[in-house]
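Let's walk through this one together, from the overall layout down to a few individual residues. Have the sequence and the model side by side as you read.

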Amino acid sequence: KYAFKEKETGRLMISIEKDNGHVTLTVQDNGTGLPEGFDAGASEGFGLMLVTMISKQLGGSFTMKNDNGTRCIVEFNV
């Protein structure tokens, strides 16, 4: 919706890894990236709120950062 609004094409990569009971889910795009000063914790968007709440329920964490686009990471232990 936002990542590729200024591009004709884009790439979306999704990976999940489990290592010794620690799970890392990564969703990354090569889009325009996050705006300067963006704070996912202060966002009023329902999607980000939902991901943050689910991460906390799992006892994990959710982070977003610019990395040649946007990278979103959910980590938790199983």
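How many helices and strands are there in the chain? The count is one helix and four strands, and along the sequence they come in the order β-β-α-β-β. Keep in mind that you're looking at a predicted model.

Start with the overall dimensions. The C-alpha trace spans about 40 × 25 × 20 Å along its principal axes. Of the 78 residues, 24% count as buried. The chain exposes about 5900 Å², and carbon and sulfur atoms supply 52% of that area. As for charge, there are 8 positive and 10 negative side chains, with the centres of the two sets 4 Å apart. If you take the contacts between residues at least 6 apart in sequence, 50% of them join residues at least 24 apart.

Now follow the chain into its hairpin. Strand 1 covers residues 12-19 and strand 2 covers 22-29, and the two pair in the antiparallel sense over eight bridges. To get your bearings on the pairing, find isoleucine 16, which stands opposite leucine 25 in strand 2. Strand 1 is hardly covered, though: of its eight residues, the number that are buried is zero. In a regular strand, side chains alternate between the two faces of the sheet.

The turn of this hairpin deserves a look. Two residues sit between the strands, and asparagine 20 takes a positive phi there, near 50 degrees. That's a positive value in a residue other than glycine. Is asparagine 20 buried or exposed? With 78% relative accessibility, asparagine 20 counts as exposed.

There's another asparagine to put beside it. Asparagine 68 lies in the loop between strand 3 (61-66) and strand 4, and has a positive phi of about 55 degrees although it isn't a glycine. Asparagine 68 is exposed too, with a relative accessible area of 69%.

Asparagine 68 also leads us to asparagine 30, since the two are in contact. Asparagine 30 belongs to the loop between strand 2 and helix 1, the helix being residues 46-57. What else does asparagine 30 touch, leaving aside neighbours within four places in sequence? Its other partners are Phe4, Lys7, Gly10, Arg11 and Gly69. Alanine 3 is 27 residues away from asparagine 30 in sequence, but their C-alpha atoms are 7.6 Å apart in space. At 29% relative accessibility, asparagine 30 counts as partly exposed, because that label applies between the 20% and 50% cut-offs.

Finally, turn to the inside. Which residues form the largest nonpolar core? There are seven: Val23, Ala40, Leu48, Phe62, Cys72, Val74 and Phe76. Strand 4, residues 70-77, gives the most to this core, with three residues. One core member worth tracing is phenylalanine 76. Not counting residues up to four places away in sequence, phenylalanine 76 touches Gly21, His22, Val23, Leu58 and Gly60. Among these partners is Val23, itself a member of the core.

Notes:
Residues are numbered from 1 along each chain as its sequence is written. This is a predicted model: local features need pLDDT of at least 70, side-chain atom pairs count only at pLDDT 80 or more; totals for chains, interfaces and linings use all residues. Side-chain values use heavy atoms; hydrogens and water are left out. A nonpolar core is a set of buried Ala, Val, Leu, Ile, Met, Phe, Trp, Tyr and Cys residues joined through side-chain atoms within 4.5 Å. Buried means under 20% relative accessible area, exposed over 50%, partly exposed in between (1.4 Å probe, protein chains only). Contact means heavy atoms within 4.5 Å. Accessible areas come from the Shrake-Rupley method with a 1.4 Å probe; for residues, only the protein chains shown count as cover. Lys and Arg count as positive and Asp and Glu as negative; His and the chain ends are not counted. The place of a charge is taken as NZ of Lys, CZ of Arg, CG of Asp or CD of Glu. Two strands pair if DSSP finds at least two bridges between them.
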